[in-house]
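Got the viewer open and a selection box ready? Let's walk through this one stop by stop.

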Amino acid sequence: MRHLVDRAFARYGTEGFLLSAAGEQKTMVFCQSVRSRSLIKTARSFSSLGEIPNRQFVCMLPAKTMAAPQDTIRIEGISYVIRRVEALYGSKGQVLYRWCLCVEKGGADTWGMNV
């Protein structure tokens with residue numbers, strides 16, 4: 001099963017770069033925007049610097065790509081900060097891919113806000 005998932009990443013994934021404490025690693029990624037139905041998430045919020053985007057993204061990485069919270073994924077010039085990582089396992093306990101919840105870098109930062 002993992003071989004099939006790896007082939008899907010190689011054929012249909014988008015080229016990206018994982019930036020971590022270990023350095024920069026080139027990888028293939030599936031990334032999509034996630035919309036929340038929660039009223040808090042859909043409400044627009046502003047700071048003195050302008051609107052604060054609250055969009056979240058789910059990125060899927062190949063099993064061999066080791067990612068951790070606070071690492072950065074750069075895809076087509078846009079950087080995403082990883083907030084959560086989970087490994088997804090197949091029937092034989094083998095990691096098939098890694099699921100990451102991300103936010104656009106700078107979009108969820110609260111610097112300059114009195115919170």
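**Stop 1: a salt bridge to start**

Select glutamate 24 and arginine 74: they form a salt bridge, with the closest N and O atoms 3.5 Å apart (a salt bridge is a side-chain nitrogen of Lys or Arg within 4 Å of a carboxyl oxygen of Asp or Glu). The pair links distant parts of the chain, as glutamate 24 lies in strand S2 and arginine 74 in strand S6, 50 residues apart. Glutamate 24 is partly exposed, with a relative accessible area of 49%, and arginine 74 is also partly exposed, at 27%. (Buried means under 20% relative accessible area, exposed over 50%, and partly exposed in between, with a 1.4 Å probe and protein chains only.)

A word on what you're looking at: this is a predicted model, in which local features need pLDDT of at least 70 and side-chain atom pairs count only at pLDDT 80 or more, while totals for chains, interfaces and linings use all residues. Residues are numbered from 1 along each chain as its sequence is written, and side-chain values use heavy atoms, with hydrogens and water left out.

**Stop 2: around arginine 74**

Stay on arginine 74 and show the backbone. Arginine 74 is the bridge partner in S6 of phenylalanine 17, and it also stands opposite serine 79 in S7. Now colour the strands: S1 (residues 14-20) and S6 (residues 72-75) pair in the antiparallel sense over four bridges, and S6 pairs with S7 (residues 78-89), again antiparallel over four bridges. (Two strands pair if DSSP finds at least two bridges between them; helices, H or I with at least four residues, and strands, E with at least two, are DSSP runs numbered from the N terminus.) Select glutamate 76 next: in the S6-S7 hairpin, which has two residues between the strands, this glutamate takes a positive phi near 50°.

**Stop 3: zoom out to the barrel**

Which strands close into a barrel? Six do, in the order S1-S2-S5-S8-S7-S6, with antiparallel pairing. Neighbouring strands of this sheet are turned by 45° against each other on average, direction ignored. Helix H1 (residues 2-12) packs on the sheet, touching S1, S2, S5 and S8, and its direction makes about 90° with that of S2. (Axes are lines fitted to C-alpha atoms, for helices over the stretch in contact, and angles run from 0 to 180 degrees between N-to-C directions.) For one stretch of the wall, pick S5 (residues 56-62) and S8 (residues 95-104), joined by seven bridges; valine 58 stands opposite leucine 101 there.

**Stop 4: two neighbours in S2**

Go to lysine 26, which forms a salt bridge with glutamate 15, the closest N and O atoms being 3.2 Å apart. Lysine 26 is in S2 and glutamate 15 in S1, eleven residues apart. Lysine 26 counts as exposed at 56% relative accessibility, and glutamate 15 as partly exposed at 41%.

Is threonine 27 buried or exposed? It counts as buried because its relative accessibility is 6%. In a regular strand, side chains alternate between the two faces of the sheet. The side chain of threonine 27 makes a polar contact of 2.9 Å with that of threonine 65 (a pair of N or O atoms within 3.5 Å; within protein, one must be able to donate a hydrogen and the other to accept it, and residues adjacent in sequence count only if both atoms are side-chain atoms). Beyond neighbours within four places in sequence, threonine 27 has contacts (heavy atoms within 4.5 Å) that include Glu15, Leu61 and Pro62.
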